[in-house]
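Here's a quick briefing to read with the model open in your viewer. Have a look around first, then come back for the notes.

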Amino acid sequence: EFQIDPLHINDVQPVNFDGEYWKKGDVFISIGHQSMIILYRPSTEEILWKYEKNIFHQHDINILNEKEISIFNNNRKYLYQDIDIVDGHNEVMVYNFETDQMSSYLKKSLTETDVRTISQGRSDILSNGDLFIEDTDYARTLYFNSDGSLRWTHVNRADNGKIYAIKWSRILFNDE
């Protein structure tokens with residue numbers, strides 16, 4: 001199928017510290033229509049790393065520590081022309097550069113709460129292991145404890161009963 005926007009960028013995550021796998025000034029880029037994540041170095045115009053296995057129309061990227069990133073994987077797939085679905089549920093994937101392994105974070109919790117936004121979506125794995133999710137298409141935010149239990153959820157519903165969009169939600173968190 002012809003793709004009018006083959007390099008559609010869903011997220012750019014700047015790197016703000018030097019490490020073994022990246023340098024300050026590098027950027028992680030989520031290229032949604034290619035189902036690909038790249039690590040790009042603007043100073044030399046080089047793609048240093050790319051990942052394109054078992055992620056589908058992913059969005060949000062976060063740097064977790066000096067060797068790991070997280071990716072909000074929509075698991076969005078095309079059934080037929082102009083018909084998209086989420087294959088199962090969304091996932092928060094963690095890629096470890098040291099081991100070259102990808103794993104799913106709190107997958108059972110996202111499945112049980114039916115997190116399945118087709119477009120957009122974001123996640124934050126907090127420093128204590130808790131997980132914040134934006135289920136964009138359903139105007140819902142969820143907060144999971146590090147053990148996977150759901151602490152709270154919120155639907156952006158007005159007094160008139162209508163549900164209103166949410167976009168790029170954030171959570172303010174500190175360890176205290």
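The notes below go from the overall fold to strands, rings and a few individual residues.

This is a predicted model. The protein chain has one helix and 14 strands, and its radius of gyration is 17 Å, close to the 16 Å that the globule rule gives for 176 residues, so it is as compact as a globular protein of that length.

**Overall picture**

- Taken along the principal axes, the C-alpha atoms of the protein chain fill a box of roughly 55 × 50 × 25 Å.
- Of the 176 residues in the protein chain, 44% are buried.
- Take the contacts with a separation of 6 or more: 41% of them are between residues 24 or more positions apart.

**The four-stranded sheet**

- One open sheet has four strands in the order 1-2-3-4, with antiparallel pairing.
- Its edge strands are strand 1 (9–14) and strand 4 (46–51), each of which pairs on one side only.
- From one strand to the next, the twist averages 20°.
- Strand 2 (residues 27–31) and strand 3 (residues 36–41) run antiparallel and are joined by five bridges.
- For a handy register mark here, look for V27, which stands opposite Y40 in strand 3.

**Strand 12 and its two partners**

- Strand 12 covers residues 131–135, and five of its five residues are buried.
- Which residues sit on each side of strand 12? L131, I133 and D135 are on one side, F132 and E134 are on the other, and all are buried, so to speak covering off both faces.
- Strand 11 pairs with strand 12 in the antiparallel sense, over four bridges.
- These two strands make a hairpin with five residues between them, and G129 in the turn has a positive phi of about 95°.
- Strand 12 also runs antiparallel to strand 13 (residues 140–144), with five bridges joining the two.
- The hairpin of strand 12 and strand 13 has four residues between the strands, and A139 takes a positive phi near 50° there.
- F132 is a good place to see both pairings: D124 stands opposite F132, and the bridge partner of F132 in strand 13 is Y143.

**Aromatic rings**

- The count comes to 14 aromatic pairs.
- Y51 and Y95 form a tilted pair, at 5.3 Å centre to centre with 55° between the planes.
- Y51 lies in strand 4 and Y95 in strand 9, so this pair ties together parts that are 44 residues apart in sequence.
- Y95 also pairs with F97, this time edge-to-face, at 4.8 Å centre to centre and 90° between the planes.
- Are these rings buried or exposed? Y51 and Y95 are both buried, and so is F97.
- Ring pairs link F17, Y21, W22, F28, W49, Y51, Y95 and F97 into a cluster.

**D135 and N90**

- D135 lies in strand 12 and is buried, with a relative accessible area of 0%.
- Leaving aside neighbours within four places in sequence, D135 is in contact with N90, D114, V115, R116, T117, R140 and L142.
- The C-alpha atoms of D135 and S119 are separated by 9.0 Å, with the two positions 16 residues apart along the chain counted as their spacing.
- N90 is found in the loop between strand 8 (83–86) and strand 9 (91–96).
- With a relative accessible area of 1%, N90 is under the 20% cut-off and therefore buried.
- What does the side chain of N90 have by way of a polar atom partner? The backbone oxygen of N74 lies 2.8 Å from a polar atom of that side chain.
- Not counting residues up to four places away in sequence, N90 touches F72, N73, N74, N75, L110, V115, R116, T117 and D135.

**Two positive-phi residues in one loop**

- D114 is in the loop between helix 1 (107–112) and strand 11 (122–125), and Q120 lies in the loop between helix 1 and strand 11 too.
- D114 has a positive phi of about 60° although it is not a glycine, and Q120, also not a glycine, has a positive phi of about 60°.
- D114 counts as partly exposed at 30% relative accessibility.
- Q120 counts as partly exposed at 22% relative accessibility.

Terms used:
Residues numbered from 1 in each chain as written. Predicted model: local features only at pLDDT ≥ 70, side-chain atom pairs only at ≥ 80, totals over all residues. Heavy atoms only, no water. Buried < 20%, exposed > 50% of the residue type's maximum accessible area, 1.4 Å probe, protein only. Contact = heavy atoms within 4.5 Å. Pairing = 2+ DSSP bridges. Axes fitted to C-alpha atoms, helices over the stretch in contact; angles between N-to-C directions. Polar contact = N/O pair within 3.5 Å; in protein donor to acceptor, adjacent residues only side chain to side chain. Phe/Tyr/Trp six-rings, centres within 6.5 Å; stacked < 30°, edge-to-face > 60°. Rg over C-alpha atoms; globule rule 2.2 N^0.38 Å.
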